[in-house]
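Me: Please give a close account of the aromatic rings and of the elements that carry them. I would like to know how the rings are arranged and how accessible they are.

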Amino acid sequence: MAQNQDEQKVQEEYKTLWGARILWPPDMPDDMLEDAVKVSLSSLEEFGRQEREGTKIAQKIKQHFDENHKPYWHVTVGKNFGCHSVHEKQRFVYFYVDQFAFMIYKAQ
């Protein structure tokens, strides 16, 4: 038998909520998830949808989460990045708004 028959491909599933395509299931409570999407959308509107503004967008999201959901949050924003992270339980989300990917997680 071919080895490929025994292997199952993991297919990523996304759901669209609040104007974002969210990797499903998120590891974050619904209220915090909605907050993440909404602050990301407002940051994109404030700084424009230019990739060079990614640092400012990420900084605004991080400050919002540190103030409203206790430190220490990490935010990555961009169109092309790879990552591997360790995060606290119920404190991770990955989603897209247009071409921008957002990875928001909390770690000590």
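**Aromatic pairs and the strands that carry them**

Reply: With a relative accessibility of 23%, Y96 counts as partly exposed; this class lies between buried, under 20% relative accessible area, and exposed, over 50% (1.4 Å probe, protein chains only). The model is a predicted one, in which local features need pLDDT of at least 70, side-chain atom pairs count only at pLDDT 80 or more, and totals for chains, interfaces and linings use all residues. Residues are numbered from 1 along each chain as its sequence is written, and side-chain values use heavy atoms, with hydrogens and water left out.

Y14 falls in the partly exposed class as well, because its relative accessibility is 24%. The count of aromatic pairs comes to 5, where rings of Phe, Tyr and Trp (its six-membered ring) pair if their centres lie within 6.5 Å. One of these pairs joins Y14 and Y96: the ring centres are 6.0 Å apart and the planes stand at 55°, so the pair is tilted. Planes under 30 degrees apart would count as stacked and over 60 as edge-to-face. Y14 belongs to strand β1 and Y96 to strand β4 (residues 92-97), so their pair ties together parts that are 82 residues apart in sequence. Strands here are DSSP runs of E with at least two residues, numbered from the N terminus.

The pair of F95 and F102 is stacked, because its ring centres lie 5.1 Å apart and its planes are at 10°. F95 is buried, with a relative accessibility of 0%, and F102 is likewise buried, its relative accessible area being 0%. Y14 and Y96, by contrast, are partly exposed at 24% and 23%.

Beyond the pair that they form, Y14 and Y96 belong to one aromatic cluster, which also takes in F81 and Y94.

The strand that carries Y14 has a partner of its own. Strand β1 (residues 13-17) runs antiparallel to strand β2 (residues 20-24), and 5 bridges join them; two strands pair if DSSP finds at least two bridges between them. Among these bridge partners, T16 is matched with R21 in β2. The two strands make a hairpin with 2 residues between them, and in the turn W18 has a positive phi of about 55°. Y14 thus has two settings: strand β1 of the hairpin and the aromatic cluster with F81, Y94 and Y96.

Methods: Helices (H or I, at least four residues) and strands (E, at least two) are DSSP runs, numbered from the N terminus.
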